Amino acid sequence: MADWGKFQRLSQRQLDAERAAVFPWASAADAPRFGVIEPDALLRLVRRRYREPPQQSSASSTDADAQTGTAHQGAAAESAATDEAFRALRAFHELFAALRVTSTCEMHGVRVQATSQYLGVNATTKARVFAYRVRIANVASASVVQLRSRHWVIADADGGSVVVPKGSPGVVGQTPRLAVGHHFEYVSGTELHAPRGSIRGSFEFVDDAGGVFEADVLPFDLISDEADADDASAARATTVEEEEEL
């Protein structure tokens, strides 16, 4: 397994652009946080789009052509609303898939969110390649905090592991200082020879008063397409067995 990656600090404009690119049919109020839309917001979108009546023309003419045009407009509006609702449902499904490989933890006013993505197989090493994004936010700390070191454990399903020991300096060459309301986000990656694995760890911080504390990175899974297909097959088999019992 190899650890790699680079630091990327996203501006607010870039974060807004990311949100708009991922959810072009949702408003900023629906997805206010860095391109993320919460499950409740998605459910509201779906319900809203299915419940809203198609927009009808206000024309009062009884002319047959006008009536036909109004019917076409209504059908088009209904079709557009249905398409948008299905896009919301698809995003809802994708969000729940992402939650399988995401963890969030808040300690001492610092929130750490991590999520992984499978990228494919390394043609040279034949290992499975995963990227992971980590977002560290000072959401409620009483002072400015600085990330000082990290501890990282990358484990695979075959029992192998790579450990970055406690006290290893910074992340991707950075030791960011975070005031309340500020965050630091980076992307890195790893390779596994097993079809699945997990990552966990912690970050050590120091505040302006010299106090030292840790914020945990709760375990988040690394799932390849192969492992995902196995999970889906197992779920289908379980469903069939339950139906047969009924």
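**Exercise 1. Find which residues Ser 202 contacts beyond its neighbours within four places in sequence, and place Ser 202 in the fold.**

Step 1. Contact means heavy atoms within 4.5 Å. Leaving aside neighbours within four places in sequence, Ser 202 is in contact with Ser 149, Arg 150, His 151, Lys 166, Glu 214, Ala 215, Asp 216 and Val 217.

Step 2. Ser 202 is found in strand E9; helices (H or I, at least four residues) and strands (E, at least two) are DSSP runs, numbered from the N terminus.

Step 3. Ser 202 has a relative accessible area of 4% and is therefore buried. Buried means under 20% relative accessible area, exposed over 50%, and partly exposed in between (1.4 Å probe, protein chains only).

The model is predicted: local features need pLDDT of at least 70, side-chain atom pairs count only at pLDDT 80 or more, and totals for chains, interfaces and linings use all residues. Residues are numbered from 1 along each chain as its sequence is written, and side-chain values use heavy atoms, with hydrogens and water left out.

**Exercise 2. Decide whether Ser 149 is buried or exposed, and list what Ser 149 touches.**

Step 1. Ser 149 lies in strand E5, residues 145-156.

Step 2. Its relative accessibility is 5%, so Ser 149 counts as buried.

Step 3. Not counting residues up to four places away in sequence, Ser 149 touches Gly 167, Ser 168, Pro 169, Gly 170, Ser 202, Phe 203 and Glu 204.

**Exercise 3. Describe how E9 and E10 are joined.**

Step 1. E9 and E10 pair in the antiparallel sense over 10 bridges; two strands pair if DSSP finds at least two bridges between them.

Step 2. One bridge partner in E10 is Phe 220, which is matched with Ile 199.

Step 3. The two strands form a hairpin with 4 residues between them, and Gly 210 in the turn has a positive phi of about 90°.

**Exercise 4. Identify the residues with the most contacts inside the largest nonpolar core, and the element with the largest share.**

Step 1. A nonpolar core is a set of buried Ala, Val, Leu, Ile, Met, Phe, Trp, Tyr and Cys residues joined through side-chain atoms within 4.5 Å.

Step 2. The largest such core has 26 residues, and Val 134, Ile 136, Trp 152, Phe 203 and Phe 205 have the most contacts inside it.

Step 3. Two or more residues each come from E3 (110-121), E4 (128-138), E5, E8 (183-192), E9 (196-207) and E10 (212-223). E10 gives the largest share, 5 residues.

Step 4. Residues touched by Trp 152 include Tyr 132, Val 134, Tyr 186, Ile 199, Phe 203 and Val 217.

**Exercise 5. Classify the ring pair Phe 184 and Tyr 186.**

Step 1. The structure holds 6 aromatic pairs. Rings of Phe, Tyr and Trp (its six-membered ring) pair if their centres lie within 6.5 Å; planes under 30 degrees apart count as stacked, over 60 as edge-to-face and the rest as tilted.

Step 2. The centres of Phe 184 and Tyr 186 are 6.0 Å apart and the planes stand at 45°, so the pair is tilted.

Step 3. Phe 184 is buried at 0% relative accessible area, and Tyr 186 counts as buried at 4%.

Step 4. One aromatic cluster is formed by Tyr 132, Trp 152, Phe 203 and Phe 220.

**Exercise 6. Find what the side chain of Arg 128 reaches.**

Step 1. Arg 128 is found in strand E4 and is buried, with a relative accessible area of 14%.

Step 2. Its side chain reaches the backbone oxygen of His 193 at 2.3 Å.

Step 3. The side chain of Arg 128 also makes a polar contact with the side chain of Glu 226 at 2.7 Å. A polar contact is a pair of N or O atoms within 3.5 Å; within protein, one must be able to donate a hydrogen and the other to accept it, and residues adjacent in sequence count only if both atoms are side-chain atoms.
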